[in-house]
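Trainee: I'm new to this one, so please go slowly. Let's take a close look at the largest pocket: which helices and strands supply at least two residues of its lining?

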Amino acid sequence: MGMSVTISAAETTDAEHILKLQYLCYQSEAELYGDYSIEPLTQSLDSLRAELDAGCVLVARLGTEVVASVRGGVDADGTARIDKLIVHPRMQRHGLGGRLLLAIEERLALAGAVKSFQLFTGHRSENNLQLYRKHGYAPVGTRQVNDRLTLVTLAKEAGDPAAYTTSA
């Protein structure tokens with residue numbers, strides 16, 4: 001019988017594992033857009049540690065291995081911003097990204113007065129766009145970063161926090 005994947009809050013000791021996973025996961029995005037200088041590939045360990053201290057960071061573990069992660073925080077206006085949803089390439093297309101997305105939404109909604117959720121991805125990142133649409137997100141804006149990359153911002157209204165369980 002195989003191990004099951006568990007989702008929990010990231011610990012300070014997870015920082016290096018998350019950064020290595022992030023580097024691995026964003027290779028395909030860098031290739032898709034022809035830009036290996038994107039922030040997820042250049043982020044420092046100290047910067048990631050600061051994110052762990054300041055926001056909500058979840059990890060998915062297969063046994064003791066970190067195989068996925070997501071970050072988020074809530075702005076003063078009640079917008080929950082979700083960032084860097086990453087899943088190890090060998091674990092993709094099995095529902096783990098969706099599980100993490102729901103888990104971070106739940107954590108953020110239970111932590112504060114969330115009115116809406118917002119995230120972004122590149123315009124050519126079809127798998128990401130499909131995942132977000134499947135979970136109720138709709139495009140609300142675009143921002144051209146350079147001649148190869150346009151970021152698509154997607155959002156959805158927050159549901160009733162009482163509807164969330166404390167599974168993550």
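Mentor: Before the names, a word on what they stand for: helices and strands here are DSSP runs, a helix having at least four residues and a strand at least two, and they are numbered from the N terminus. Also keep in mind that this is a predicted model.

Now to your pocket. Its volume is about 1200 Å³, and 44 residues line it. If you want to find the middle on screen, look for Glu29, Leu85, Thr121, Asn128 and Tyr132, the lining residues nearest the centre. As for who supplies the lining, at least two residues each come from the helices α1 (15–25), α2 (27–33), α3 (39–42), α5 (96–111) and α6 (126–134), and from the strands β4 (79–87) and β5 (116–122). The top contributor is α6, which gives seven residues. By type, the lining splits into 21 nonpolar, 14 polar and nine charged residues.

Let's follow some of those elements outwards, beginning with the two strands. Both β4 and β5 belong to an open sheet of seven strands, ordered β1-β2-β3-β4-β5-β7-β6, and the pairing is mixed. At the edges you'll find β1 (5–9) and β6 (138–144); each has a single partner strand, so one side of each has no neighbour in the sheet. On average, neighbouring strands are turned by 25 degrees against each other, ignoring direction. For one pairing up close, try β2 (residues 56–62) with β3 (residues 65–74): they run antiparallel and are joined by seven bridges. One residue to click on is Cys56, whose bridge partner in β3 is Gly72.

Next, the helices. α5 lies across β1, β2, β3, β4, β5 and β7 (150–157), and runs at about 150 degrees to β4. That ties two lining elements together, as α5 and β4 both supply the pocket.

α1, another supplier of the lining, packs against helix α4 (residues 45–54) at an angle of about 115 degrees, with 10 Å between their axes. This crossing is right-handed. On the α1 side the contact is made by Ala15, Glu16, Ile18 and Leu19, which meet Leu45, Leu48, Arg49 and Leu52 of α4. Sort these contact residues by type and you get six nonpolar, two charged and no polar.

Definitions and conventions
Residues numbered from 1 in each chain as written. Predicted model: local features only at pLDDT ≥ 70, side-chain atom pairs only at ≥ 80, totals over all residues. Heavy atoms only, no water. 1 Å grid on protein atoms, 1.4 Å probe; cavity = no way out; pocket = protein on both sides within 12 Å on 5 of 7 lines; lining within 4 Å. Points joined across faces, edges and corners; volume = space filled by probe spheres on them. Nonpolar A, V, L, I, M, F, W, Y, C, P; charged D, E, K, R; others polar. Pairing = 2+ DSSP bridges. Axes fitted to C-alpha atoms, helices over the stretch in contact; angles between N-to-C directions. Contact = heavy atoms within 4.5 Å. Left-handed = near helix turned anticlockwise from the far one by under 90°.
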